[in-house]
Number of protein chains: 2
Amino acid sequence: MKWDTLEEEPCSLARTVAVIGDRWSLLILRECFLRKRRFEAFQSSLGITRHLLAERLKKLVRFGVLRRIPYQESPKRYEYILTQKGLDLYPIIMSIVHWGNVHMVDSRGRPMLHQHKNCGHMFDPVMVCSECGEPLTAKAVHVHPGPGARQTSPTHAMAEDDPKAKTGS
Amino acid sequence: MKWDTLEEEPCSLARTVAVIGDRWSLLILRECFLRKRRFEAFQSSLGITRHLLAERLKKLVRFGVLRRIPYQESPKRYEYILTQKGLDLYPIIMSIVHWGNVHMVDSRGRPMLHQHKNCGHMFDPVMVCSECGEPLTAKAVHVHPGPGARQTSPTHAMAEDDPKAKTGS
DNA sequence: ATTGACAGTTCTAAAATAGAACCTTAAAGC
DNA sequence: GCTTTAAGGTTCTATTTTAGAACTGTCAAT
């Protein structure tokens with residue numbers, strides 16, 4: 001499987017992974033959420049090579065996660081800010097951080113703490129059901145094929161099936 | 001930066017990314033949450049090369065996300081099941097799927113729908129504050145250094161500062 | 001006139017991944 | 001008894017990605 005086929009898979013996880021599913025993209029996004037915006041700032045705080053940073057920023061702009069906007073003329077300089085699509089990645093970032101807080105910290109404890117401005121408390125993120133508000137667990141969720149699912153065995157009208165559709169999975 | 005230094009970074013996101021921050025690990029975990037357990041099942045549904053699948057499974061076992069248990073003797077055969085540490089990845093997987101549902105679906109709609117067994121409804125995952133229960137947004141969160149934070153500017157004893165230490169972040 | 005900041009681009013070497021073939025154990029079919 | 005099939009890998013070469021360092025271009029400040 002190649003990387004550009006990934007974003008066309010009939011799977012929302014695969015398509016998202018095509019955008020953020022590499023080490024550097026997630027680290028760059030961490031910096032974005034910590035209010036970093038500029039090439040040099042990303043490069044020096046991450047230690048990423050300039051080559052790869054340039055490429056990842058282009059990719060994130062291409063996918064609409066970041067926007068590249070000039071912050072000065074002559075010489076023209078740009079900074080990268082999160083779009084709404086990018087801001088919507090926050091639950092992913094926070095759930096990743098939270099898992100690390102629970103399972104990957106050493107004896108010194110958490111590197112970072114989060115305070116909710118709304119209520120003033122230090123908090124952890126919790127994922128709940130949009131309908132009943134209860135915390136979610138894998139066992140309590142049933143998965144159904146949706147309208148965009150790959151057709152594995154249509155009951156009829158096989159003939160007009162998409163010839164590009166892959167079998168299996 | 002090399003991959004094995006990532007898991008020692010004083011950052012919960014970096015350490016988690018060291019475990020799941022590549023394309024295949026996340027796709028393998030998707031299959032795990034869809035109740036796939038066996039080498040051949042992973043391989044045929046993902047199209048991953050056998051070589052890489054073996055390596056990724058070893059890595060996930062090494063990090064305690066999966067456990068390799070025999071399901072028959074002679075010939076000895078193993079299957080891979082999620083540990084509690086692995087099950088705790090569910091919010092990450094679900095937030096990734098949800099972002100894809102919102103931002104990456106085509107005109108056909110969502111490939112998969114989720115039903116909450118507890119309340120019976122089709123739902124979306126929502127990330128809320130553990131203390132007040134309100135949905136979280138990046139702007140409403142303030143970040144503080146925690147006990148495991150990297151020391152960026154000790155008040156004294158500057159002289160014995162680690163010369164390799166990066167500034168910022 | 002030289003230095004430095006910023007935002008990249010361009011090279012070569014090293015590492016990771018793809019793709020295919022091969023190995024081992026043991027049961028099933030002929 | 002011999003061959004095929006299944007499961008769960010391992011081994012090999014070719015291609016792609018990434019690392020690491022140097023270089024470019026524009027302008028401001030010294």
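Welcome to this predicted model. A good place to start is Lys58(A), where an N or O atom of the side chain sits 3.3 Å from a phosphate oxygen of DNA strand C. From there, this briefing looks at the protein surface around that strand and then at one helix of chain B.

**Contacts with the phosphates**

- Tyr71(A) places a polar side-chain atom 2.6 Å from a phosphate oxygen of DNA strand C.
- For Tyr80(A), an N or O atom of the side chain is likewise 2.6 Å from a phosphate oxygen of the strand.

**The surface around DNA strand C**

- There are 22 residues around the strand, and those that come nearest are Tyr71(A), Arg77(A), Tyr80(A), Leu52(B) and Arg56(B).
- Of the DNA strand C atoms that come within 4 Å of the protein, 65% belong to sugar and phosphate.
- Sorted by class, this surface holds ten charged, nine nonpolar and three polar residues.
- At least two residues each are supplied by helix H4 (39-46), helix H5 (50-62), strand S1 (66-72) and strand S2 (77-82) of chain A, and by helix H5 (50-62) of chain B.
- H5(A) gives the largest share, with four residues.

**Helix H3 of chain B**

- Helix H3 (residues 23-33) of chain B is largely enclosed by the rest of the structure, because ten of its eleven residues are buried.
- Among the buried residues are Trp24(B), Leu26(B), Arg30(B), Glu31(B) and Phe33(B).
- At the N-terminal end, Asp22(B) acts as a cap for H3(B), with a side-chain oxygen 3.3 Å from the backbone nitrogen of Trp24(B).
- Arg35(B) follows H3(B) and has a positive phi, near 75°.

Definitions and conventions. Residues are numbered from 1 along each chain as its sequence is written. Chains are lettered from A and ligands numbered from 1 in the order in which they are written. This is a predicted model: local features need pLDDT of at least 70, side-chain atom pairs count only at pLDDT 80 or more; totals for chains, interfaces and linings use all residues. Side-chain values use heavy atoms; hydrogens and water are left out. A residue is near a molecule or strand if one of its heavy atoms lies within 4 Å of it. A polar contact is a pair of N or O atoms within 3.5 Å; within protein, one must be able to donate a hydrogen and the other to accept it, and residues adjacent in sequence count only if both atoms are side-chain atoms. Ala, Val, Leu, Ile, Met, Phe, Trp, Tyr, Cys and Pro count as nonpolar, Asp, Glu, Lys and Arg as charged, and the others, Gly among them, as polar. Buried means under 20% relative accessible area, exposed over 50%, partly exposed in between (1.4 Å probe, protein chains only).
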